[in-house]
Amino acid sequence: MKWQARVGDKFDWFVSLQNQGIVVPILDQMPEVEEDARPYLKAFHFLSGSRRTGFGPSYIPLTEIIAYCDLILLTDPDTRFLYAQIIQELDAYYLTEIATEKSSAGKRRS
């Protein structure tokens with residue numbers, strides 16, 4: 001998630017640049033993701049764009065996670081609950097990393 005915090009919502013843009021033949025060094029640093037974790041990380045990336053805007057990134061609303069489950073036709077209640085738990089945990093970690101980076105950047109400027 002530290003890598004994700006550095007890349008933020010620019011991941012798709014970086015991939016499109018790479019697809020155009022442009023070298024994007026940060027994509028070479030992307031960590032390997034275990035097969036079982038990929039659906040959750042994919043959902044997290046997809047849902048990151050649904051954050052409310054303000055003075056910084058906010059959490060992914062639960063309603064958006066539920067809508068995502070509907071979109072991918074997930075109907076099993078236990079699986080939907082698991083998706084919500086994992087995405088919220090990823091999101092909490094991501095927001096913590098963003099806050100830590102901003103705090104560190106502010107200290108470097110001082």
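A nonpolar core is a set of buried Ala, Val, Leu, Ile, Met, Phe, Trp, Tyr and Cys residues joined through side-chain atoms within 4.5 Å. The views below come from a predicted model.

**View 1. The whole protein is built from helices, with 6 helices and 0 strands.** Read from the N terminus, the order of elements is α-α-α-α-α-α. The protein has 110 residues, and 31% of them are buried. Its exposed surface comes to about 7800 Å². Carbon and sulfur atoms supply 57% of that surface. Take the contacts between residues at least 6 apart in sequence: 52% of them join residues at least 24 apart.

**View 2. The largest nonpolar core holds 16 residues.** Phe-44, Leu-47, Ile-60, Ile-65, Tyr-83 and Ile-87 touch the most other members. Three elements each give two or more residues to this core: helix 4 (38–48), helix 5 (62–71) and helix 6 (77–109). Helix 6 gives the most, with 6 residues. In soluble globular proteins, nonpolar side chains tend to be buried together.

**View 3. Ile-60 is shown with the residues it touches.** Residues up to four places away in sequence are not counted here. Among its contacts are Phe-44, Leu-47, Ile-65 and Ile-87, which are also listed with Ile-60 among the core residues that touch the most other members. Ile-60 also touches Ser-48, Ser-50, Arg-51 and Asp-91.

**View 4. A second core lies separate from the largest one.** This core has 7 residues. Phe-11, Phe-14, Leu-17 and Val-24 are among them.

Technical notes. Residues are numbered from 1 along each chain as its sequence is written. This is a predicted model: local features need pLDDT of at least 70, side-chain atom pairs count only at pLDDT 80 or more; totals for chains, interfaces and linings use all residues. Side-chain values use heavy atoms; hydrogens and water are left out. Buried means under 20% relative accessible area, exposed over 50%, partly exposed in between (1.4 Å probe, protein chains only). Helices (H or I, at least four residues) and strands (E, at least two) are DSSP runs, numbered from the N terminus. Contact means heavy atoms within 4.5 Å. Accessible areas come from the Shrake-Rupley method with a 1.4 Å probe; for residues, only the protein chains shown count as cover.
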